[in-house]
Amino acid sequence: AVTCLDNYEIDVMRTIPPAMVGEPVRDFSLQNCETEEFVSVQEVAQSTGAIWFIGTAGWCSACRRMLQNGGSAGRPLDVMNERGPDRLRLMIVLGENPQQGQSTLRYCRQYASSYAEDASHFYLDHNGSRAFPTLFDNLNVYTAADGRFGLPWNGVVSGGDEPMIYSYSDRSGQPQSLRQILDDLTAAPAGAGAGMTGDEDSDRP
C-alpha cells in the first residue's frame, strides 16, 4: 500500500489538551483558501448538522485517491452535496505542499481545483514550522506512541445550537465507523447513502 506517513511527527507539547472523542470542542479558526478569511469553526457548526474535517497534504497520494474516488464513507464532496450544507459541511485542511513545506493560498487553490469548482471547502493550517498546529491543538489526532499519524485524517464535530462535540477521529478506537457517525449526525434518510462505496484508504502508523 502507498504510504503518506514518511515518519511524520507533530509537537505534542500543549498548554490546553485537545479534545478527546466525546468531549466538547472549543472554537478555533482556519484560513479559507477561497476567501482568504479566517473562519470560525463554531460559526460553521451552528449552521449545519456536522463538520467533516479531512487532513491532507500536497505530497499525499492516499489523500488524492480519497478526494477523487472516495473511501469507506464515500467521496467527500459528493457526500456533502448529497446531504446539503444544512446537514453536512466539509473542511478539507491542507497541511503541506508537495515539498513538505508550508502551503500558500495560491497553491491551496490549485490543489482544490483538482477536486472542486472552487476552494471554498479548503483551508490552510501551517504555522511556518509544522503542519496542522491549529487543527490538532484543538482535536486529538490519536497519534501512535512515537507521535506519528497517517494521512488522510478524518475527524467529525457535531453541529447545531448545542456545544460542539468531537464525535469521530480515525484511530480513536471507537466502535462506530466514520460513515455511521455521519449518518447519525446528519439524520440521513433511509437509502440516502446508496452508491457510497469504497474501501478505507488511509495510512496507519
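**Figure 1. Strand β3 meets β6 in this predicted model.** Strand β3, residues 50–56, runs antiparallel to β6, and six bridges hold the pairing. To get your bearings, look for Phe53: its bridge partner in β6 is Gly155. On to β7, residues 166–169, which also pairs with β6 in the antiparallel sense, here over three bridges. Gly155 turns up again on this side, with Ser169 as its bridge partner in β7. Val157 has a bridge partner in β7 too, namely Tyr166.

**Figure 2. The whole sheet, strand by strand.** Zoom out a little and you get an open sheet of seven strands with mixed pairing, in the order β2-β1-β5-β4-β3-β6-β7. Which strands stand at the edges? They are β2 (38–40) and β7, each with a single partner strand, so one side of each has no neighbour in the sheet. On average, and ignoring direction, neighbouring strands are turned by 35° against each other. For context, the protein chain has six helices and seven strands, and along the sequence they follow the pattern β-β-α-β-α-α-β-α-β-α-β-β-α.

**Figure 3. Strand β6 under cover.** Is β6 buried or exposed? Six of its six residues are buried, so the strand is largely enclosed by the rest of the structure. Both faces are covered: one side carries Trp153, Gly155 and Val157, the other Asn154, Val156 and Ser158, and all of these are buried. Two helices pass over this part of the sheet. Helix α2, residues 61–69, lies across β3, β4 (89–94) and β6, and runs at about 140° to β3. Helix α6, residues 178–186, lies across β3, β6 and β7, and runs at about 20° to β6. As a backdrop, 51% of the 205 residues of the protein chain count as buried.

**Figure 4. Helix α6 and its buried face.** Pick out Leu178, Ile181, Leu182 and Thr186, which are buried in α6. Looking down the helix axis, the buried residues fall within an arc of 110°, so they line one face of the helix. The spacing makes sense, because an α-helix has 3.6 residues a turn and residues three or four places apart point the same way. What covers these buried residues of α6? The cover includes β3, α3 (76–83), β6 and β7. Just past the end of α6, check the backbone of Ala187, where phi is positive at about 50°.

**Figure 5. Ser172 in the loop between β7 and α6.** This loop residue counts as partly exposed, with a relative accessibility of 21%. The side chain of Ser172 does a fair bit here: it reaches the backbone oxygen of Ser169 at 3.1 Å, and a polar contact of 2.8 Å joins it to the side chain of Gln174. Which residues does Ser172 contact once neighbours within four places in sequence are left aside? They are Val21 and Tyr142. Met20 is also worth showing in this view: its C-alpha atom is separated from that of Ser172 by 8.6 Å, although the two residues are 152 apart along the chain. On the scale of the protein chain, 71% of contacts between residues at least 6 apart in sequence join residues at least 24 apart.

**Figure 6. Aromatic pairs with rings edge-to-face.** The model has eight aromatic pairs, counting rings whose centres lie within 6.5 Å. One of them is Tyr111 with Phe122, an edge-to-face pair at 6.2 Å centre to centre with 75° between the planes. Tyr111 sits in helix α4 (residues 105–112) and Phe122 in strand β5 (residues 122–124), so the pair ties together parts that are eleven residues apart in sequence. Tyr111 and Phe122 are both buried. Next comes Phe136 with Trp153, also edge-to-face, at 5.0 Å centre to centre and 85° between the planes. Here Phe136 lies in helix α5 (residues 133–138) and Trp153 in strand β6 (residues 153–158), so this pair ties together parts that are 17 residues apart in sequence. Phe136 and Trp153 are buried as well. Back at Tyr111, widen the view and you'll see one aromatic cluster formed by Tyr107, Tyr111, Tyr115 and Phe122.

Note on methods:
Residues numbered from 1 in each chain as written. Predicted model: local features only at pLDDT ≥ 70, side-chain atom pairs only at ≥ 80, totals over all residues. Heavy atoms only, no water. Phe/Tyr/Trp six-rings, centres within 6.5 Å; stacked < 30°, edge-to-face > 60°. Helix = DSSP H or I, 4+ residues; strand = E, 2+ residues; numbered from the N terminus. Buried < 20%, exposed > 50% of the residue type's maximum accessible area, 1.4 Å probe, protein only. Pairing = 2+ DSSP bridges. Axes fitted to C-alpha atoms, helices over the stretch in contact; angles between N-to-C directions. Contact = heavy atoms within 4.5 Å. Polar contact = N/O pair within 3.5 Å; in protein donor to acceptor, adjacent residues only side chain to side chain. Arc of directions from axis to C-beta.
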